[in-house]
Amino acid sequence: MVMKIGVLTGGGDCSGLNAAIRAITKSLIHEFGAEVIGIEKGILGLLENKTKPLNLASVSGLIDKGGTLLKTCNNVSPFNYHGNDCSQLVVDNYKALQLDGIIVMGGDGTMSMCHELSQLGLNFVGVPKTIDNDLVNTDRTFGFETAVGVVVDAIDRLKTTSYSHNRIMIIETMGRYAGWIALHAGLAGAADVILLPEYPYELDTVISAIESRAAHESPSIIVIAEGAIAKGGDYIVSKTVENSPDAIRLGGVGHHLQQELEKHISLEVRTTVLGHIQRGGTTSAFDRIFSTNVGCYAASLVAQGRYGRMVTVQNGKLSSIPLESVANKTRTVQKDDMTLISALSLGICFGDKNLQASLTTINDEKMKSN
Ligand code: F6P
């Protein structure tokens with residue numbers, strides 16, 4: 001019997017989706033002789049029965065392209081579709097397609113949905129993607145590295161104009177409730193201040209950092225994650241999307257910080273919100289390889305009938321974990337993260353005196369455990 005496998009991309013798009021679609025399709029056909037069906041528009045395709053065949057020709061020329069050939073959506077749940085539970089429709093359409101299983105690329109929202117649908121008898125293998133890099137139990141998600149590259153490029157460009165005008169430049173990144181993009185891009189872009197959701201910032205600590213640089217005619221580069229919050233403050237929300245699995249869209253904290261700073265400092269401040277440019281563009285070499293690796297591994301899992309699992313990479317090794325262990329969880333930047341520790345030891349300001357002070361303790365604990 002020829003195995004029939006669906007491929008679906010869910011949640012927000014990111015670089016590497018097309019490379020993964022290509023890898024999954026090629027591997028399923030070459031190695032396992034499978035028939036491959038693309039499910040369009042993410043989970044919506046299972047509600048509306050929108051599919052297209054995937055073959056070697058249709059996935060050719062995709063490896064470098066951002067976006068997703070299959071399209072996607074991040075505002076639909078079959079359990080609350082226009083206010084109704086339409087999960088049975090998804091089950092019926094899945095059965096009608098006579099699929100053995102679906103390889104689904106997504107973040108925590110998509111994995112949660114697939115876990116719930118698994119309880120109704122659908123077979124899924126998950127592949128970790130998101131620019132946010134915030135899925136638990138995996139060291140990486142594809143799309144992240146490309147997004148970080150986009151932010152670093154923007155910082156490099158903004159630095160020269162910051163220097164020329166002696167202006168403070170604030171760069172707001174995406175990342176939802178995790179600061180991975182801001183942390184990595186901030187370090188690689190040599191930012192002076194990095195503000196993360198995990199460590200609420202004190203305005204006066206940020207001002208001191210800026211002023212001590214200004215004393216030497218050096219303007220500061222501030223990278224702020226969209227989920228960053230001032231101590232005692234709250235998330236800055238740009239909009240809410242009704243019926244969406246994750247209704248809140250963050251955004252605007254960069255301009256908020258600018259307004260607060262302008263009350264206290266005489267230097268000019270400008271803000272750049274990078275937004276969706278972090279999700280598009282040419283896929284980096286790293287993300288091409290990584291999405292190919294996780295895609296091929298997902299193909300081997302479906303061939304073994306190992307459903308209800310998500311591919312992970314831990315300490316450089318591919319493996320898989322139950323979908324439910326990923327559902328509805330967020331991996332955030334912890335104090336023992338090596339990139340955070342390096343940034344702290346360079347003296348980069350995180351707007352949190354306690355965090356800066358804890359560096360010695362963190363290092364002592366690391367030494368003890370080695
Ligand atoms: O999860 C990916 C992501 O780009 C987040 O970083 C961001 O908060 C959100 O999606 C934006 O969603 P939308 O595309 O709906 O504006």
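**Exercise 1.** Which residues are around the ligand?

*Solution.* This is a predicted model in which local features need pLDDT of at least 70 and side-chain atom pairs count only at pLDDT 80 or more, while totals for chains, interfaces and linings use all residues. Residues are numbered from 1 along each chain as its sequence is written, and side-chain values use heavy atoms, with hydrogens and water left out. Take as near any residue with a heavy atom within 4 Å of the ligand. The list is then Asn-74, Ile-131, Asp-132, Met-174, Gly-175, Arg-176, Glu-226, Arg-249, His-276 and Arg-279.

**Exercise 2.** Find polar contacts (pairs of N or O atoms within 3.5 Å) to oxygen atoms of the ligand.

*Solution.* Start with side chains: a polar atom of Arg-249 lies 2.6 Å from a ligand oxygen, and one of His-276 lies 2.9 Å from a ligand oxygen. Then turn to the backbone, where an N or O atom of Gly-175 is 3.0 Å from an oxygen of the ligand.

**Exercise 3.** Where does the ligand lie with respect to domain 1 and domain 2?

*Solution.* First take the bounds, which come from an automatic or database domain assignment: domain 1 is 4-142 + 283-325, and domain 2 is 148-279 + 334-369. Their centres, taken over C-alpha atoms, are 32 Å apart. In the contact (heavy atoms within 4.5 Å), 18 residues come from domain 1 and 14 from domain 2. Finally, both domains give residues to the shell around the ligand, so the ligand lies between them.

Technical notes: A polar contact is a pair of N or O atoms within 3.5 Å; within protein, one must be able to donate a hydrogen and the other to accept it, and residues adjacent in sequence count only if both atoms are side-chain atoms.
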